[in-house]
Amino acid sequence: MFDKIAEKEDIMKYVVDTHGLTKIFGKHRAVDCVSLHIKRGEIYGFIGKNGAGKTTFMKMVSGLSAPTSGEIALFGVSGREAEKYHSRIGNLIEQPGLYEGMSAKENLHLKCLALGIHEKGYEEKLLGDVGLRDAKKKKVKQFSLGMKQRLGIAMALAGRPDLLILDEPVNGLDPQGIAEIRDLLLKLKFEKNMTILISSHILEELYKVADTFGVIHKGVLIQELSKEELDQKCRDYTEIKTGDTEKACPVIEELGYHNYKVITADCIHLYDRVAEIGKLNMELAKQGCMVESLQVVQDKLEEYFLELTRD
Amino acid sequence: MLNLIRMNLYRMAKTKSLWIVLLCMAAFCTFACSMVTIDLEEMQKNKENNLSGSFAAVYKEEEEETAGGFGISVQVPEKEDGEIPTFLEFYNSDLASGIVLVFLCIGCVIYFNGEIKSGFLKNIAGQTRHKSNIFLSKIIANMVYILVALLLYGVVQFFSLWFMLKDKYTFRFGGEFIKETGVLLMAFFLLYLAFLGGISLVTTVLKSTAAGITLGMLSAFGVLSSFGAYADKLLHVNLSKYMVITNVHGMFVGAVRKDIFFAMGVGALFSVIYYLLGAVYFTKKDVV
């Protein structure tokens with residue numbers, strides 16, 4: 001019995017839990033057997049190249065597209081029952097879907113009408129949240145790309161969804177706009193306990209908000225890792241180029257560096273005490289190890305993902 | 001469902017192009033009425049000079065000349081005795097000619113494709129439990145548009161004729177008029193609904209305004225009726241009788257009730273068929 005309760009609690013902690021989710025267009029497997037888990041209240045960063053399958057996956061989760069095979073559990077419920085929870089998902093997928101001839105407020109009013117929201121001042125509040133309060137009467141055709149993105153986010157937020165799916169939401173935004181959206185997402189997470197699935201090409205920006213990362217490549221989810229795990233993989237290290245690694249390794253051990261890796265016959269990476277690079281240089285010289293170069297390398301997030309998705 | 005209908009009606013009211021289409025239709029109606037007055041003057045002259053007996057002869061002559069071609073012609077309704085036709089006959093004649101259908105077709109295609117083209121559908125499709133309701137709500141909004149158009153055309157035609165012919169014209173009202181107008185309007189409403197249902201379906205599936213308008217106009221001009229007639233000859237069947245557009249063109253004041261009810265049946269049946277096809281398409285097809 002306790003096992004069953006534990007299992008149920010485990011299921012309930014995931015807002016989105018997919019098993020072998022697959023979407024095939026003709027002969028092309030756009031999403032291939034993806035099993036992804038998004039915990040309640042977290043921001044999940046979805047990373048992948050163009051055409052990797054991010055948008056298709058997001059469409060399937062938000063109910064815009066039917067999977068070819070596999071299962072999606074939403075809020076702990078799977079099968080036909082899960083479809084009921086699509087109403088709890090707000091989305092902004094690809095470009096914001098807006099009527100250009102209508103104002104921001106009218107566009108938002110349409111969405112509110114469809115959802116049966118008749119609260120006074122609700123639309124103004126949403127527009128204020130995304131920084132469009134002053135542009136509510138302006139026609140969408142006069143909007144910049146960034147303003148359209150903001151309105152798209154406001155549309156996604158209509159109806160106070162429990163899960164927000166945002167596909168490249170900061171596309172076209174200026175640095176100030178990006179920062180505002182970042183703050184908004186964090187506010188939604190901390191104040192409203194909203195779960196957010198977000199994809200972005202600006203990895204550094206994604207890193208600032210996401211708690212968990214999923215990397216998709218050619219339709220396959222190749223890695224799912226927490227921010228801590230990512231930090232481990234992307235931390236700074238000292239790169240030693242030496243003619244004789246066999247001689248250098250015992251010296252390094254003697255100096256108390258145990259977390260290191262011999263990359264090639266003349267290259268060693270040290271992951272501890274990065275700040276003590278000068279001392280390390282001196283000690284290696286003292287022990288007669290010829291050091292060709294010694295530098296602190298920052299393994300950037302971008303390089304890490306490029307490495308992961310290299311063909 | 002009610003929320004979706006509200007949303008569609010709100011969008012309809014806010015879509016300028018739909019108002020422009022109605023405005024153009026009203027302008028055309030006024031123009032057609034002014035042409036009618038010229039025809040009526042001609043008819044009166046013929047009557048006075050006792051030339052050809054009646055306008056009907058002139059009309060028939062013209063009709064014979066253009067027989068076999070396609071197109072829409074808004075004509076003064078045929079009267080054997082040279083008498084000025086009633087308002088209902090004028091109104092019915094224009095509705096049966098398919099000219100109102102052309103305007104409605106343009107509006108309907110713009111309206112249906114707007115949601116797909118703008119991508120707005122993505123905002124609501126996921127959160128709507130039964131996607132078929134999206135199509136149904138649009139069909140219902142379209143019903144309102146058809147009603148508005150039919151009433152507007154009637155009102156504009158009434159006032160235009162009254163303004164242009166007030167001293168020569170007698171408007172016959174009364175119980176019989178209302179009853180007959182009601183039956184004919186109902187038949188036209190159902191036939192128009194079916195016709196536009198088909199056009200909406202084509203527009204939704206092909207996601208093309210051009211394809212929808214072209215097909216709609218060609219159908220209203222009678223191209224499909226010709227295919228129907230050709231199929232009738234070839235297969236020795238009576239396919240034309242069951243075609244929506246043939247029934248539209250075949251409606252006239254004083255038609256046998258049986259024929260009017262048959263036309264209503266055709267309209268209702270095709271409306272349901274097109275709705276079901278649209279509902280299946282919306283349910284099964286991914287939103288892109």
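**A buried helix residue, the nonpolar cores and the domains of chain A**

Ile106(B) is found in helix α5 of chain B, which covers residues 99–118. The model is a predicted one, and within this model Ile106(B) counts as buried because 22 other C-beta atoms lie within 10 Å, where 20 or more are required. Apart from its neighbours within four places in sequence, Ile106(B) is in contact with Val21(B) and Ile213(B). Val288(B), by comparison, lies 182 residues from Ile106(B) along the chain, and 24 Å separate the C-alpha atoms of these two residues.

Attention can now turn to the nonpolar cores. In soluble globular proteins, nonpolar side chains tend to be buried together. The largest nonpolar core here holds 134 residues, and the members that touch the most others are Ala154(A) and Leu197(A) from chain A, together with Leu104(B), Cys105(B), Leu191(B) and Phe195(B) from chain B. For Phe195(B), the contacts beyond four places in sequence are Leu101(B), Val244(B), Ile245(B) and Val248(B). A second core, separate from the largest one, consists of 9 residues, among them Tyr237(A), Ala248(A), Leu270(A) and Leu284(A).

Chain A is assigned two domains, domain 1 spanning 2–231 and domain 2 spanning 235–308. Taken over C-alpha atoms, the centres of these two domains of chain A are 41 Å apart. Their contact draws on 8 residues of domain 1 of chain A and 5 residues of domain 2 of chain A. On the domain 1 side, α7 (203–209) and β10 (220–226) of chain A each supply at least two residues, and α7(A) gives the most, with 3 residues. By character, the residues on this side of domain 1 of chain A comprise 5 nonpolar, 1 polar and 2 charged.

Chain A also has an open sheet of 4 strands, arranged in the order β12-β13-β11-β14 with antiparallel pairing. The edges are formed by β12 (260–264) and β14 (291–297) of chain A, each of which pairs on one side only. From one strand to the next, the twist averages 20°. Strand β12(A) runs antiparallel to β13 (residues 267–270) of chain A, and 4 bridges join the two. Thr264(A) stands opposite Cys267(A), a residue of β13(A). Helix α10 of chain A, made up of residues 277–286, lies across β11 (237–242) and β14 of chain A, and runs at about 160° to β14(A).

Note on methods
Residues numbered from 1 in each chain as written. Chains lettered and ligands numbered in written order. Predicted model: local features only at pLDDT ≥ 70, side-chain atom pairs only at ≥ 80, totals over all residues. Domains from an automatic or database assignment. Contact = placed C-beta atoms within 7 Å. Nonpolar A, V, L, I, M, F, W, Y, C, P; charged D, E, K, R; others polar. Core = buried A, V, L, I, M, F, W, Y, C linked by C-beta atoms within 7 Å. Buried ≥ 20, exposed ≤ 12 C-beta atoms within 10 Å, placed from the backbone. Pairing = 2+ DSSP bridges. Axes fitted to C-alpha atoms, helices over the stretch in contact; angles between N-to-C directions.
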